[in-house]
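The following exercises concern strand order, nonpolar cores and aromatic contacts in one protein chain. Please work through each task before reading its solution.

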Amino acid sequence: MQILNLESGTPFRMGKGKNWRVVHPDMGATQITLNHGQHAPGQEFTQHLHDESEDMIVVLEGGGHIRQGDVYTPIIAGDGIFVPAREVHGTVNTTDQPARLISFQSPPDMALYRGERDHPNDSPKPELGHRSGVQVISMAKAGPVFGKSGDWRSVVSPEKGSQHLSLDYVQLNAGEAFTHEPIGAESIYVLIGGGATVQTNGETSTLGLRDVIFLNPEDTFSLSQTGSESTTLLHCWALAK
């Protein structure tokens, strides 16, 4: 298990914004990745597609549009955008404020990090008659997961059409806690609001805004809400094959 932060990633080129890879194969991940982007007004994360990978994009701050050719679909903070494999997509900050987004991907697409997807003047376009499989979801309004401490919302899962990853949106109120039970796949938690403490192997760590937990298969930990605000997390994991 590794505790990271969105601000400590490795830069990569994609459009004119600032992008970092936070969880990626060069630091040990083999099933899932996490990227972090900050885009000024007018900046675009170049349209592209992945041959096998699914994307789960989350808008943390600001907004803009998902672009698919000449079609623009609005997105705002709190939205999760599920992108199936081979679906043309890019993001554009069409607002007058900065935008902060993260994206989970499974399986990893190393061509993205090598710059092979960054072709702003020759980007792919959806075929005529294509029906987009992209879903824009208000995460806090997604369907509930029953039997867990706190408010868990299932944003994307195999039941909702994904093949390679799942994402839950989690809110914990005062005194609430949970234990991450071991699973047979890599997973990632991102703290996007409030604070928390994490206990693993007899050690306690304090988490703050934008901290990241990367878990290998069969890793476990316990997490407790701290502070006066509710604690909000994203949990994304690869679907073991």
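**Exercise 1. Determine the order of the strands in the open sheet and identify its edges.**

Solution. The model is a predicted one. Its open sheet consists of seven strands, arranged as E1-E20-E17-E22-E15-E14-E13 with antiparallel pairing. Strand E1 (2–5) and strand E13 (143–144) each have a single partner strand, so one side of each lacks a neighbour in the sheet and these two stand at the edges. Within the sheet, E17 and E20 are paired in the antiparallel sense over four bridges. Val190 lies opposite Val212 in E20.

**Exercise 2. Describe the largest nonpolar core and the surroundings of Val23.**

Solution. The largest nonpolar core comprises 30 residues. Those with the most contacts inside this core are Val23, Leu34, Ile102, Phe104, Leu167, Ile188 and Val212. Among the elements that contribute two or more residues are strand E3 (18–23), strand E11 (99–106), strand E17 (187–193) and strand E20 (211–215). A second, separate core has 14 residues, including Trp152, Leu191, Leu215 and Leu223.

The next step turns to Val23. With neighbours within four places in sequence set aside, the contacts of Val23 include Leu4, Leu34, Tyr113, Ile188, Val212 and Phe214.

**Exercise 3. Classify the aromatic pair of Phe12 and Tyr113, and state whether each residue is buried or exposed.**

Solution. A pair of aromatic rings is characterised by the distance of the centres and the angle of the planes. The structure contains six aromatic pairs. For Phe12 and Tyr113, the centre-to-centre distance is 5.2 Å and the planes are 80° apart, an edge-to-face arrangement. This pair connects distant parts of the chain, since Phe12 belongs to strand E2 (residues 10–12) and Tyr113 to helix H1 (residues 110–113), 101 residues apart. Both Phe12 and Tyr113 are buried. In addition, the charged end of Arg21 sits over the ring of Tyr113, 4.9 Å from its centre.

**Exercise 4. Apply the analysis to Tyr189 and Phe221, and place the pair in its aromatic cluster.**

Solution. The ring centres of Tyr189 and Phe221 are 5.2 Å apart with the planes at 85°; the pair is therefore edge-to-face, the angle being over the cut-off of 60 degrees. Tyr189 is in strand E17 and Phe221 in strand E21 (residues 221–226), 32 residues apart. Tyr189 has 2% relative accessibility and therefore counts as buried; Phe221, at 2%, likewise counts as buried. One aromatic cluster is formed by Trp152, Phe178, Tyr189 and Phe221. Finally, the charged end of Lys148 sits over the ring of Trp152, 4.4 Å from its centre.

Conventions: Residues are numbered from 1 along each chain as its sequence is written. This is a predicted model: local features need pLDDT of at least 70, side-chain atom pairs count only at pLDDT 80 or more; totals for chains, interfaces and linings use all residues. Side-chain values use heavy atoms; hydrogens and water are left out. A nonpolar core is a set of buried Ala, Val, Leu, Ile, Met, Phe, Trp, Tyr and Cys residues joined through side-chain atoms within 4.5 Å. Buried means under 20% relative accessible area, exposed over 50%, partly exposed in between (1.4 Å probe, protein chains only). Contact means heavy atoms within 4.5 Å. Rings of Phe, Tyr and Trp (its six-membered ring) pair if their centres lie within 6.5 Å; planes under 30 degrees apart count as stacked, over 60 as edge-to-face and the rest as tilted. A charge sits over a ring if NZ of Lys or CZ of Arg is within 6 Å of the ring centre and within 35 degrees of the ring normal. Two strands pair if DSSP finds at least two bridges between them.
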